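Student: I am new to this structure and would like a close look at one part of it. Could you choose a single helix, take me through it carefully, and then show me how it sits within the whole?

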Amino acid sequence: MDILTAPLQHDFMIRAIVAATLIGLICSIVGVYVVLRNMSFIGDGLAHASFAGIVIAYLLKMDLYVGGLIFTILTALGIGAVSKRSEVSLDTTIGVFFTAAFALGVALMSRVRTYVVDLQDFLFGNILAIDRNDLIIIATLAAVVLIVIAALYKELLFSSFDPVSAGASGVPVDLLNYVLLVILAVTIIVSLQAAGIILVASLLVTPAATAYQLTNRFGPMMVISACVGVGAGVVGLYLSYYLNVASGASIVLVATACFFLAMALSPKRRSLLTALLDARRTAARVR
């Protein structure tokens, strides 16, 4: 029991575990839509784009995460608008926007000689530095994301699996796509302090990809993804505490381990192996 209770003697660990639980929950739920819609690249793109907003906020003496949120939402909406109204593919549009935004952040930062903010906290995250105010912000934004998803559950589900039929049925598919992009931007900003710009895309994709290995049903997929996201956050924090490694990286590695374990136990993989074995037996009998 000491292994479980020792980290809880520190207030920073308790705050980090609460934050990891909230972040793991919303990332994994939003991530299901990201995986099903083949939007995995956009999570990484928006995370990198947020860097420009953070630097601009620093120059304007604003709250860094507010600046990052505004810029990330604008980038997400820009990606949606350009990919919708041009012949450029979504992946190409994401690549253009996020590289330009990240380059803008680097260019602006290079002009500031007295840059005192620790850049590594934004690149790799620092969940152990979360304070009470950060927890309130994370909890508030997480609640907003979950409420929006719950309110639009059926519409988002329909448009994710069959956007053509959804549009024909009167579902505002284009508007839902923009709403999902904004939700994704908010989720990324909430997760930056936990995993940082470099690793945040993994929190979005890996739990959902793990769930996808185990089921084809949307409801169970969302539940499994949430369990993996929250579990990886808590277990990763414990491992980082005892192994003295970076918390964000530890959380992502635990989630990745869950993904490979799910691949090994996947009913889909077993069905494929069974089919191959049956084919071999049939071929042997014919011979």
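**A close look at one helix**

Tutor: Let us begin with one residue, T187, which has its place in helix α10, and keep in mind throughout that the model is a predicted one. T187 has a relative accessible area of 0% and is therefore buried, since that term applies to values under 20%. Leaving aside residues up to four places away in sequence, T187 is in contact with I26, C27, V30, V145 and L204.

From this residue we can widen the view to the helix itself, which runs over residues 173-214 and so contains 42 residues, although its end C-alpha atoms lie only 28 Å apart. A straight helix, at 1.5 Å a residue, would reach 62 Å, and α10 falls short of that span. When you follow the helix in the model, look at I198, where α10 bends by about 110°. The burial of T187 can also be set beside that of the helix as a whole: because 31 of the 42 residues of α10 are buried, this helix is largely enclosed by the rest of the structure.

What, then, is the setting of this helix? The secondary structure of the protein consists of 13 helices and zero strands, and of the 287 residues in the protein, 45% count as buried. Among contacts with a separation of 6 or more, 76% are between residues 24 or more positions apart. The protein exposes about 14500 Å², and carbon and sulfur atoms supply 67% of that area.

For a view of the surface, turn to helix α11, which covers residues 218-243 and contributes four residues, the largest share, to a nonpolar patch. This surface patch, of about 560 Å², is made by I3, V235, L239, Y242, L243 and V245. L243, found in helix α11, has a relative accessibility of 57%, and because exposed means over 50%, this residue counts as exposed.

Two members of the patch, L239 and V245, also lead us to S250, which touches both of them as well as G236 and S240, again not counting residues up to four places away in sequence. S250 lies in helix α12, which spans residues 247-265, and with 6% relative accessibility it counts as buried. Seen together, L243 is exposed at 57%, whereas S250 is buried at 6% and T187 is buried at 0%.

Key
Residues numbered from 1 in each chain as written. Predicted model: local features only at pLDDT ≥ 70, side-chain atom pairs only at ≥ 80, totals over all residues. Heavy atoms only, no water. Patch = residues over 30% accessible without salt bridge, like charges linked within 9 Å, V, L, I, M, F, W, Y side chains within 5 Å. Areas by Shrake-Rupley, 256 points an atom, 1.4 Å probe, with all protein chains shown as cover. Salt bridge = Lys/Arg side-chain N within 4 Å of Asp/Glu carboxyl O. Helix = DSSP H or I, 4+ residues; strand = E, 2+ residues; numbered from the N terminus. Buried < 20%, exposed > 50% of the residue type's maximum accessible area, 1.4 Å probe, protein only. Bend = angle between axes of the 7 residues up to and from the residue. Contact = heavy atoms within 4.5 Å.
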